[in-house]
Amino acid sequence: MRKRMVAGNWKMNKTPREAVDLVNLLKDKIDKEDVDVVLCVPAINLIAVAESIMHTNIKLGAENLHYENCGAYTGETSATMLKEIGVKYVIVGHSERRSYFKENDVIVNKKVLKAFEYGIIPIVCVGESLEEREDDITIEKIRIQVKKALKNLTDKQAESVVVAYEPIWAIGTGKHATNEQAQEICHEIRKCIGEMFGEKIAQKTRILYGGSVNGKNANELFAMPDIDGGLVGGASLKEEFANIVNADV
Ligand code: PGA
C-alpha cells in the first residue's frame, strides 16, 4: 500500500519570517497522520523551516539542487548542503526550471542521481504542454521524460523516487486536469516504471498529480487508483494547504 504524499512547492515566495508564520499556521491545522507532508521551500528559507517543523511530521524539501558536490557554480546549492540541514526531498525537473533555466532530461537525471547519492529523495516532475496535448503526443512525451529521468536508478531508488505528473497547461492556471486525464497519465507513468524496473517496483513508486490542486478538487484526484497525492503550488502558500493534506479520500 502506497502512503499518500502531499508536497507543497512554494516556488519563489515567502521570506524566512513569512515562512515561519505559514508553517506555524499549518502545524495547527494539519491533522492527518497517514500522509507524508513535505514543504519544498526556497533555499533561503530552509533553515528557518527546518527549525519550525521540528517535532512535527512535516518533512523538509528543497526546490532544486546542483548535480556537482561543490565548486564554481555561483548561486547554486549542492546536495551536501541540503543534506546537512535536514532536507529529505527535492523537486527536480519542474517545468519552470526546464523552460526558464534550460534544464533538460540529461541534467534532470544527473540531479536525480546526485540527490539519491546523499539520501535525498527526488520528486521528479514530468508533463506536457498544451500544444503537445493537442497534437496527441502527451504519452510519448511523458514516457521519454520518465525513461530519461530514471535512467541508471537502482531498484531500491526506483521504489522510493516520487514522480509528479504536472501538465504544464494546468500549472498556476486554475484549470486542473480532469480526474480521468490525470489518472490516465499517472497510470502510463506507472506502466513505464514497470517496463524499466518490473511491476513489483512500479506498484511501490509514488506518483503525484500537480497543477491547480486545491481544497476542492484534491479528494477526487487523490482517490484515483494511480494518484498517490499531490504537488501543490499556489494553494500551498495558505491555510488551504492543510485542507488538501486533510482531504478525506
Ligand atoms: P499550482 O502549481 O498548484 O499553482 O498549479 C503546481 C506546481 O507548479 O508544482
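Good morning, colleagues. I shall begin with the ligand, around which there are 13 residues; Lys11, His94, Glu166, Gly172 and Ser212 come nearest. Please bear in mind throughout that this is a predicted model.

What is the make-up of the shell around the ligand, in nonpolar, polar and charged residues? Four of its residues are nonpolar, seven are polar and two are charged.

Let me turn to individual side chains. In Lys11, an N or O atom of the side chain is 2.7 Å from a ligand oxygen. For His94, too, a side-chain N or O atom is found 2.7 Å from an oxygen atom of the ligand. With Asn9, the distance between a side-chain N or O atom and a ligand oxygen is 3.5 Å. As for cover, the ligand on its own has 280 Å² of accessible area, and the protein covers 95% of this.

I now move from the ligand to the nonpolar cores. The largest of them has 67 residues, and Leu150, Ile189, Ile193 and Tyr209 are those with the most contacts inside it. Which helix gives this core its largest share? That is helix H9, spanning residues 179-197, with seven residues in the core.

Ile189 deserves a closer look. When neighbours within four places in sequence are left aside, Ile189 is in contact with Val126, Ile142, Val146, Val163, Tyr165 and Ile207. Another core, of 13 residues, lies apart from the largest one; Met5, Ala7, Cys125 and Ala164 are among its members.

To close, I would return to the ligand: the protein covers 95% of its accessible area, and Lys11 and His94 are among the residues that come nearest. Thank you.

Methods: Residues numbered from 1 in each chain as written. Predicted model: local features only at pLDDT ≥ 70, side-chain atom pairs only at ≥ 80, totals over all residues. Heavy atoms only, no water. Near = heavy atom within 4 Å. Polar contact = N/O pair within 3.5 Å; in protein donor to acceptor, adjacent residues only side chain to side chain. Areas by Shrake-Rupley, 256 points an atom, 1.4 Å probe, with all protein chains shown as cover. Nonpolar A, V, L, I, M, F, W, Y, C, P; charged D, E, K, R; others polar. Core = buried A, V, L, I, M, F, W, Y, C linked by side-chain atoms within 4.5 Å. Buried < 20%, exposed > 50% of the residue type's maximum accessible area, 1.4 Å probe, protein only. Helix = DSSP H or I, 4+ residues; strand = E, 2+ residues; numbered from the N terminus. Contact = heavy atoms within 4.5 Å.
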